[in-house]
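Colleague: Could you take me through one part of this model slowly, as you would for someone in their first year? I would like a close look at how a pair of helices pack, and at the empty space around them.

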Amino acid sequence: MLNCDLHCHSTASDGLLPAADVARRAAANGVDMLALTDHDNIAGLAAARVAADECGMAFVNGVEVSIEWEGGQIHIVGLAFDADAAALNAGLAAIRSGRIERARRMAADLERVGIRDSFEGAMHYAEDPNLISRAHFARYLVGIGVCRDMRSVFDAYLKPGLPGYVEHRWASLPDCLGWIHGAGGIAVVAHPGRYKLSPRDLRRFLGEFKDLGGRGIEVASGSHTPEHVALFDRLAREYDFLASRGSDFHGPGESYVDLGALAPLPAGLKPVWTAF
Ligand code: AMP
Ligand code: MN
Ligand code: MN
Ligand code: MN
C-alpha cells in the first residue's frame, strides 16, 4: 500500500519546521503522498509543493480547520481543494483574526496564577502572530520551566476549565464544510479519537457531518490508540466514509510519530486518496 501521510504541520501554524523542510523530511522517510494541513492557514502549501516536486513525492493541498460543535473544539481536515478559492481564503482569515485577542486573554488568565509575560513569551515561538496557538504557550511554559513537557502544560493550564483556557468562537461545521466543498475539496474528520464526546454524541456529530456532505474520517492517526483504529475502522464502514491516514506531525521530538511512520490503514477500507 502507498505510504500516504495526509495530516501534518509547519511553521505556517504550530509546527516546528518550515513547510519545505516538512516535505523534504516526509520524502526522506519514504512518504509517497503528503498533504500539509496547517491550522486555519494555507500559506505553506506553495513552498511545500515545490519541495515535494523536487523530491518526486506526490503533494495534495490540505488544511486543518478549527470548528466549534456544541461548545467543544473539533478539527476538520480539508484535502485536495483549490487553494485560490475566495470563500475558503476569507473563511480561514476570519478564524485566524480572533487568535491574537484570545492569546491576550489567555495571558491575562495565566498572570492571575502567577505566570507573567506569557503573551510575549508565546509570541516568541510563533512565526506568524495570527496563528498564535495553545501549542506556542505550551512551548513557552516548558521553556521557562513551569512544566516539564507540553502534555503537562495542557493538563495543568490549557484545557477547558483550567486557568489558561479561554473560550473561543471558531467556525461552525456548516460554514467549514461549505468552504471546503466550495473549493472542490474533500472534508475529513481529524483524529476522531481525541474528542471527549460520548459514543452517542460522536454518532450525532458523524451523522451531521455526513448530512452536510462530509466524506471521510481519519482512521490511522498519530494520536490514535489501536483501540481507536479498530473503532473508526468499524465506523468508517458503517457510515461509508473514505478512510484517511495522517501522523499529525508537529516537529522532531515533539510528536507521537514521525512523518509517514504510522500503521497502514486496515485492509478493506476505501482510502481517501482513491478519490483525489
Ligand atoms: P489551539 O488551536 O490554539 O486551540 O491549539 C491546539 C493545538 O495544541 C493542537 O493543534 C496541538 O498542536 C496542541 N495540543 C492540544 N492538546 C494537546 C496536548 N494534550 N498535548 C500537547 N499538545 C496539545
Ligand atoms: Mn497543532
Ligand atoms: Mn488537530
Ligand atoms: Mn493537526
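Modeller: Happy to! In this predicted model, helix α9 passes helix α10 in a right-handed crossing. Two packed helices are described by the angle between their axes and the distance between the axes. For this pair, the axes come within 12 Å and cross at roughly 40°. That makes α9 oblique to α10, because an angle has to be under 35 degrees to count as roughly parallel.

Now look at the residues that touch. From α9, the contact uses Leu 202, Arg 203, Leu 206, Gly 207 and Lys 210. Facing them from α10 are Phe 232, Leu 235, Glu 238 and Tyr 239. Sorted by class, this contact of α9 with α10 holds five nonpolar residues, one polar residue and three charged ones.

Next comes the empty space. Rolling a probe the size of a water molecule over the atoms shows where empty space is left. The second largest pocket of the model has a volume of about 190 Å³. It is lined by 14 residues, and those closest to its centre are Pro 199, Leu 202, Leu 231, Phe 232 and Leu 235. You have already met Leu 202, Phe 232 and Leu 235 in the contact between α9 and α10. Which elements give two or more residues to the lining of this second largest pocket? They are α9, which spans residues 199-211, and α10, which spans 226-239. The largest share of that lining, six residues, comes from α10. By class, the lining of the second largest pocket divides into eight nonpolar, three polar and three charged residues.

It helps to set another helix pair beside this one. Helix α1 (residues 19-28) and helix α2 (residues 45-55) pack at an angle of about 30°, and their axes are 7 Å apart. α1 and α2 are therefore roughly parallel to each other. Their crossing is right-handed. On the α1 side, the contact is made by Ala 19, Ala 20, Ala 23, Arg 24 and Ala 27. On the α2 side, Ala 47, Ala 48, Ala 51, Ala 52, Glu 54 and Cys 55 take part. Counted by class, the contact of α1 with α2 has nine nonpolar residues, no polar ones and two charged ones.

A further pair is α4 with helix α5 (residues 118-125), whose axes lie 8 Å apart at an angle of about 130°. That makes α4 oblique to α5. Here Ile 100, Ala 103, Arg 104, Ala 107 and Leu 110 of α4 meet Ser 118, Phe 119 and Met 123 of α5. This contact has six nonpolar residues, one polar and one charged.

Helix α4 also leads us to the largest pocket, which holds about 1400 Å³ of space. Its lining has 41 residues, and Arg 134, Phe 154, Lys 159, Arg 194 and Tyr 256 lie nearest its centre. Among the elements that give two or more residues to this lining are α4 (99-112), α6 (134-143) and α7 (150-158), along with β3 (58-69) and β4 (72-79). The lining of the largest pocket divides into 10 nonpolar, 16 polar and 15 charged residues.

Finally, there is enclosed space too. The count comes to one cavity of 30 Å³ or more, and about 50 Å³ of space lies in the largest cavity. Its lining is made by Glu 68, Gly 71, Gly 72, Gln 73, Tyr 165, Glu 167, His 168 and Trp 170. Those residues divide into two nonpolar, four polar and two charged.

Terms used
Residues numbered from 1 in each chain as written. Chains lettered and ligands numbered in written order. Predicted model: local features only at pLDDT ≥ 70, side-chain atom pairs only at ≥ 80, totals over all residues. Heavy atoms only, no water. Axes fitted to C-alpha atoms, helices over the stretch in contact; angles between N-to-C directions. Helix = DSSP H or I, 4+ residues; strand = E, 2+ residues; numbered from the N terminus. Parallel < 35°, antiparallel > 145°, perpendicular 65-115°, else oblique. Left-handed = near helix turned anticlockwise from the far one by under 90°. Contact = heavy atoms within 4.5 Å. Nonpolar A, V, L, I, M, F, W, Y, C, P; charged D, E, K, R; others polar. 1 Å grid on protein atoms, 1.4 Å probe; cavity = no way out; pocket = protein on both sides within 12 Å on 5 of 7 lines; lining within 4 Å. Points joined across faces, edges and corners; volume = space filled by probe spheres on them.
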